[in-house]
Amino acid sequence: MDRRGFIRHAAAGAAGFAAASGTEAHMAGHGDRGHEHQHDNAHQAVPSDLNLRVKALESLLVEKGVVDRAALDTIVDLYETKIGPRNGARVVARAWVNPAYRRRLLTNATAAIAELGYEGGQGEDMVVLENTPRVHNLVVCTLCSCYPWPILGLPPVWYKSAPYRSRAVIDPRGVLREFGLEIADEVEVRVWDSTAELRYLVLPERPPGTEHMTEEELAALVTRDSMIGVAKVTARPNAPFVQQRLAR
Amino acid sequence: MNGVHDMGGMHGMGPIQHEEHEPVFHEWWEGRAYALTRLVRGQTYNLDNSRHLLELLPPADYLRMSYYERWLTRLVAQLLKNGVITREELESGTPASGAAKATPAVTAAMVPALVTRRNSARRDAQVRPRFRVGQRVRARNIHPTGHTRLPRYARGKQGVIAIDHGVFLFPDTNAHLLGEKPQHVYSVRFAARELWGPQASPRDFVHIDMWDDYLERA
């Protein structure tokens, strides 16, 4: 497809949902031109197509002076390399080794997390949920995909997916089993549906056999999944605890 | 609105696809769609309205699109609505001749401050809580056609106030630019059996955050 072709294609998909006359009507496909263009969308979901559409949109916004390309690069880089679950892991490890910090974390999570320098969008009002031998906490957002960005980064695909969002509240034990986690009958499974602007972080149980470990070594054991509540932390260090970056 | 986004308790969505060593962005365009959305959100950014725009996608499209494809669709819709770009510019891929060139509002140097900026929905307003911790409540059986954060699976069900989170703006009005209507938000504790019947474990509970306007005395 030549450049003109893909740009026209890009525009068709967008125009199906939107017009200057009203975003809401067009998101719903009720706009005057909504119907004919929705037609185009059926064959728009090919990834390479989306790359072209976004490339065209980005060029337009850069040329118009609306956005700075270096600023876009910086945002992508921050979420690929800095703002991720390692932040939450440091919070958890600190709570495990420092009882005073743990108390602050459980009573005023936002401030305690900010002590380690983590704050910002989608982490403004934090609540920490402590797993114990009697209670296992699990976090979901059934209505969208709310997630504590500053300490866990952007959510994995499964967390945002219909299977997880639909089932975590009605069959949490079945969901946990799919993650390989069997919760004993006598343990309460407590699901937190993030319907408001509170963001939840699970404080997993410190695994036995880690008494000799330093805070840094402990942080390396803590996985993203354990801080959502779909896994427990084990004393085995996890090699893959490196944020993955898209190869280019 | 009783939309397809309100998924709690639905069946038939398939197994959970957990990916080992998942990249933050799977495709180049995903990161760009995310970053573009973060950058063009101006001072007038309204989180509730933005969420509502996604809910207004036709249900079949909502389910077919990936998360970032929904974001991209919303972004284009907002850019057109706000007059940042025109349909003609989108179609041609180049700025209209004579279009005024803006100066980017956010430079790379400003990004770290942008992402760590707090934009809390919490409000200082002195509003009296209608319920207290430990009190039994019922989620109202209401079906607003606009934006709401009261999930269908909880409507009409009884629970107990577990935490008073304080005062927050109210999404049902804020999403439609009808004011912030600040009020208390509580974590309400529902027995899984109250929500799902005898098939659920008697040990399990679901905690749902609810605004005062969603609740009545049980």
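In what order do the elements of chain B run from the N terminus on? In this predicted model, the run goes α-α-α-α-α-α-β-β-α-β-α-β-β. That gives chain B eight helices and five strands. Its C-alpha atoms fill a box of roughly 65 × 45 × 35 Å along the principal axes. Of the 218 residues in chain B, 52% are buried. As for who touches whom, take the contacts in chain B between residues at least 6 apart in sequence: 66% of them join residues at least 24 apart.

Now for the inside. In soluble globular proteins, nonpolar side chains tend to be buried together. Here, the largest nonpolar core has 120 residues, and A:Leu57, A:Tyr164 and B:Met210 are the ones with the most contacts inside it. Helix α4 of chain B (residues 67-81) gives the most to this core, putting in eight residues. A second core of eleven residues lies apart from the largest one, and its members include A:Ala162, B:Val4, B:Leu53 and B:Leu57.

What does A:Tyr164 touch, once neighbours within four places in sequence are left aside? From chain A, the list is A:Leu138, A:Val139, A:Val140, A:Trp158, A:Tyr159, A:Val175, A:Phe179, A:Ile228 and A:Val230, and from chain B there is B:Ile16.

A:Tyr159 turns up again as a partner of A:Ser145. This serine sits in the loop of chain A between β2 (135-140) and α9 (149-152). Is A:Ser145 buried or exposed? Its relative accessible area is just 7%, so A:Ser145 counts as buried. Not counting residues up to four places away in sequence, A:Ser145 also touches A:Pro155, A:Lys160 and A:Arg165, plus B:Tyr67 from the other chain.

Helices from the two chains meet as well. Two packed helices are described by the angle between their axes and the distance between the axes. For helix α5 of chain A (residues 69-81) and helix α1 of chain B (residues 28-40), the axes come within 9 Å and cross at roughly 115 degrees. Because of that angle, α5(A) is roughly perpendicular to α1(B). The crossing of α5(A) and α1(B) is right-handed. On the α5(A) side, the contact is made by A:Arg69, A:Ala71, A:Leu72, A:Asp73, A:Ile75, A:Val76 and A:Tyr79. From α1(B) come B:Gly31, B:Arg32, B:Tyr34, B:Ala35, B:Leu36, B:Arg38 and B:Leu39. Sorted by class, the contact between α5(A) and α1(B) has nine nonpolar, one polar and four charged residues.

Note on methods:
Residues numbered from 1 in each chain as written. Chains lettered and ligands numbered in written order. Predicted model: local features only at pLDDT ≥ 70, side-chain atom pairs only at ≥ 80, totals over all residues. Heavy atoms only, no water. Axes fitted to C-alpha atoms, helices over the stretch in contact; angles between N-to-C directions. Helix = DSSP H or I, 4+ residues; strand = E, 2+ residues; numbered from the N terminus. Parallel < 35°, antiparallel > 145°, perpendicular 65-115°, else oblique. Left-handed = near helix turned anticlockwise from the far one by under 90°. Contact = heavy atoms within 4.5 Å. Nonpolar A, V, L, I, M, F, W, Y, C, P; charged D, E, K, R; others polar. Core = buried A, V, L, I, M, F, W, Y, C linked by side-chain atoms within 4.5 Å. Buried < 20%, exposed > 50% of the residue type's maximum accessible area, 1.4 Å probe, protein only.
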